[in-house]
Every structure is written in C-alpha cells, then in structure tokens.
Number of protein chains: 2
Amino acid sequence: MSNLTGIDNAAFFKLSYGLFVLTAKDGDKDNGCIINTVSQITDTPKRISLAVNKGNFTHDMILKTGIFNVSVLGIETPFSVFQCFGFQSGRTVDKFADAPEKKRSPNGILYEPRHANSYISGKIISTSDYGTHTLFIADVTEAAVLSAVPSVTYQYYFDHIKPKPPVDSSKKKGYVCKICGYVYEGDVLPPDFVCPLCKHGAADFEKL
Amino acid sequence: MSNLTGIDNAAFFKLSYGLFVLTAKDGDKDNGCIINTVSQITDTPKRISLAVNKGNFTHDMILKTGIFNVSVLGIETPFSVFQCFGFQSGRTVDKFADAPEKKRSPNGILYEPRHANSYISGKIISTSDYGTHTLFIADVTEAAVLSAVPSVTYQYYFDHIKPKPPVDSSKKKGYVCKICGYVYEGDVLPPDFVCPLCKHGAADFEKL
C-alpha cells in the first residue's frame, strides 16, 4: 500500500512475535485459533496480555467463559497445524476432530500437546474493546514447559513453514494477502476488505 | 525457583519478544530505556500496546508527555547499546551524551538511527496501572523502516549478544539475575528483591 500518511506498514512487520494456539471451552465445545500477540505484562503477579480478533469464534468463547490456554508453538510445527487452527472457523468445524491426542490442563481446556513447547493457562481480569480486536489481560493460573524445542517466531513461520505460492499463482489477477496467501480475484480491492482466512485487512494485501 | 504453584517460570521465557529502545522527551530532557513488550493490537487504526516498568524514568516521562518512539533493534546491535539504555537510569545519566548521531522523528523525540531497523511513533490513548508496570495503548502517528537488518529477538540477544559470565563468577556466592546477569551477593535473596539493573524480581534469580 502507499505511504501517504507517514505510516509505513512495513515497519509493523519488524515487531517480533511468537505464534500461539489460543484455546477455549464452552460447555462441550472445544475450539482454538492462531494468535501472535501474547506478552507478559507483570511478573508479580504473573499476568499476560493478548489481543484477539473479534472475528474468531474462540474470542467469543473467551468473552463468555473468561478462561483460556495459550500453547506456544515450536519451530517444528507443521503448516497443517496453522491451517487447522488459523484458516477455518470453529463456528462450522471441530478443529480437534482429527487431533491424534487430546490433553486438557487443570482448567479443563485443551492445549496443543504435540507441537507446543509450553502452555499458559489464564483467567481474564480485564477486557478492552479496540474495534476489530479485544485486548484481554489475564492472571496466569498455570504454566508448564512441554519441550526444549525453540519457539517459532512469525518471521520463522514465513521463512520456513508457510509454503511458497505455486508458480502459476502469478497468472491469477487480483490481490494476495501477505499474511496467509489468500487471493482476492478482482480488479479493485475494497478498502474495508477483510481476509476471510486470517482476518487481516486490505492494508496487508498486495497486487498480483 | 521452585514450582510449587503450578506456574513454571520457565514457560514465560518461551514467549517470543523483540527488543526495543523506548524514547521520550520532556522539555530539554531526552531519555530512553529498553523494553521487550511492544505488540500491534489493531491494524485499522494502527494501534500498539507496550508494558513499561514503572522503575524506568522513561515511563514517568511518557506518563507526563503522552508521546514516545519505539526503535526496533536489529541483530547487529552491540551489547553497549543495551548497557547504555538498559543498565543505567536516565535520572542520573544522559544516555544520549555519547551518541554519535542524534535524529528526531516529526514528534520531536529521538530515535535510535544506527542500530534500529525501524521506528514507530505513538501517542498514548489509554494508561492502565498493573502494579509494577503500566500498560500503555497508543495510536501510531508515524512509522518508518530504516534498514533491512532482521530484528533482534530476546532469544537472539541471549544467545549471541549478551556476554557470557566470566568463568570466575562461579566463585561468587549469592544469586544471579537470569535476565541481565547482575549478582546479588548474600546467603538469602529477599523475596521482594528487584534487580537494580533490569528491574526483574526475585523469581528471575537463580542461586550461584
């Protein structure tokens, strides 16, 4: 996108993030989504912040139940895990249907036992509405290390896990989401367009 | 530290962070500190969150003035930059006194022009008190890319930038801060002890 405002979108890609599966449980319904914004805010007591896109069904479940798990993904996480949790909605799919093993932390919520190197259980103490996202602040109720595999960063995901677009995608006309690769086929991308896969806005698309 | 509570402190080191110089200006006083918790929370409008330890003088300056810059450090940043901004206080030292070049963004605040790959200028829209830290939410007023050098992560800093403790440090008795290497010499570390260098608490110390 152009840079008429003095705000270069590329600067935001310099911020370093991990990648996490955020899970919740509402009654018998288990669900999870991929997020990249989990930060510790204080050490005493242990508190974390997470910004979650309102488009995610997991977001609504956490708003309702007030508890969640964050599973910290390791660098050996296959792309299929990102597809499972990031590229479809728990409103229509059981994302854990094909999980080879299911493990619950003491709060009763599933975590990702195979590819996460740790998980943190949280209880929401503050909810702030920021338009497209809710900023949750949570007390940590449990935290466990699962393996010594290094954590995957957003940058590592782009460089080593996310498949490169196939060569013939260049024949498509339209706009590609720089985040997940979704292609919008059309001559003009509406400025309020939101990627149906990863929920990022028009600013994260580029012309093919 | 022991893990009697179900909260394993090591899990928090799995969260991925960048490292940033947070700068502010109050009248003629320029100052900056190192922080590791900057996250984008929404894309439209561009907003970021940052948690800042109240012990930092920069924190107080931002509370007063409401504006700041975040300089995103690259992997080529020398340890001396972390020492300059992280291991001393702007209350007693002019951290920019020896800066070979000073550059200000349009908001009038200095940024780190030599080792940062980008900077983001922000204006505070929300301030939340979380005990040891303040969580600031800010509108982004400017964002610029300075170089293509990859961003340094907390993990990279530990593995490649922070000097390893000298061998004879093992002869010291006491507790070492796992964050910055400060050594508390004494038989018992007070549970409310806070590292005078990096402001982390007793939970981040381990016995030598």
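Are B:Tyr111 and B:Tyr119 buried or exposed? Both of them are buried. Keep in mind as you look around that this is a predicted model.

Let's stay with that pair for a moment. Switch to chain A and find the residues with the matching numbers. A search of the whole structure turns up 22 aromatic pairs over all chains. One of them is A:Tyr111 with A:Tyr119: the ring centres are 4.1 Å apart and the planes meet at 20°, so this pair counts as stacked. The cut-off behind that word is an angle under 30 degrees between the planes. A:Tyr111 has a relative accessible area of 10%, so it is buried, and A:Tyr119, at 5%, is buried too. Now go back to chain B, where the rings of B:Tyr111 and B:Tyr119 also have their centres 4.1 Å apart and their planes at 20°, so they are stacked as well.

There's another group of rings to look for in chain A. A:Tyr17, A:Phe79, A:Phe82, A:Phe87, A:Tyr154, A:Tyr157 and A:Phe158 together make up one aromatic cluster. Try colouring these residues to pick them out.

Next, turn to the place where the two chains meet. Here 51 residues of chain A are in contact with 52 residues of chain B. How much area is buried between chain A and chain B? It comes to about 4,000 Å², and carbon and sulfur atoms give 63% of that. On the chain A side, the residues that lose the most area to chain B are A:Phe12, A:Lys14 and A:Tyr130, which together account for 18% of what that side buries.

Which strands should you follow here? In chain A, β3 (38–42), β4 (47–53), β8 (116–130) and β9 (133–145) each supply at least two residues of the side that touches chain B. The largest share, nine residues, comes from β9(A).

What about polar and charged groups between the chains? The rule finds zero salt bridges across the interface of chain A and chain B. It does find 15 residue pairs in polar contact there, counting pairs with both residues at pLDDT 80 or more.

Charged ends do show up in another role, though. The charged end of A:Lys46 sits over the ring of B:Phe12, 4.9 Å from its centre. Look for the reverse arrangement as well: B:Lys46 has its charged end over the ring of A:Phe12, again 4.9 Å from the ring centre. You have met A:Phe12 already, among the chain A residues that lose the most area to chain B.

How values were computed. Residues are numbered from 1 along each chain as its sequence is written. Chains are lettered from A and ligands numbered from 1 in the order in which they are written. This is a predicted model: local features need pLDDT of at least 70, side-chain atom pairs count only at pLDDT 80 or more; totals for chains, interfaces and linings use all residues. Side-chain values use heavy atoms; hydrogens and water are left out. Rings of Phe, Tyr and Trp (its six-membered ring) pair if their centres lie within 6.5 Å; planes under 30 degrees apart count as stacked, over 60 as edge-to-face and the rest as tilted. Buried means under 20% relative accessible area, exposed over 50%, partly exposed in between (1.4 Å probe, protein chains only). A charge sits over a ring if NZ of Lys or CZ of Arg is within 6 Å of the ring centre and within 35 degrees of the ring normal. Contact means heavy atoms within 4.5 Å. Buried area is the accessible area (1.4 Å probe) that two parts lose on being put together, summed over both. A salt bridge is a side-chain nitrogen of Lys or Arg within 4 Å of a carboxyl oxygen of Asp or Glu. A polar contact is a pair of N or O atoms within 3.5 Å; within protein, one must be able to donate a hydrogen and the other to accept it, and residues adjacent in sequence count only if both atoms are side-chain atoms. Helices (H or I, at least four residues) and strands (E, at least two) are DSSP runs, numbered from the N terminus.
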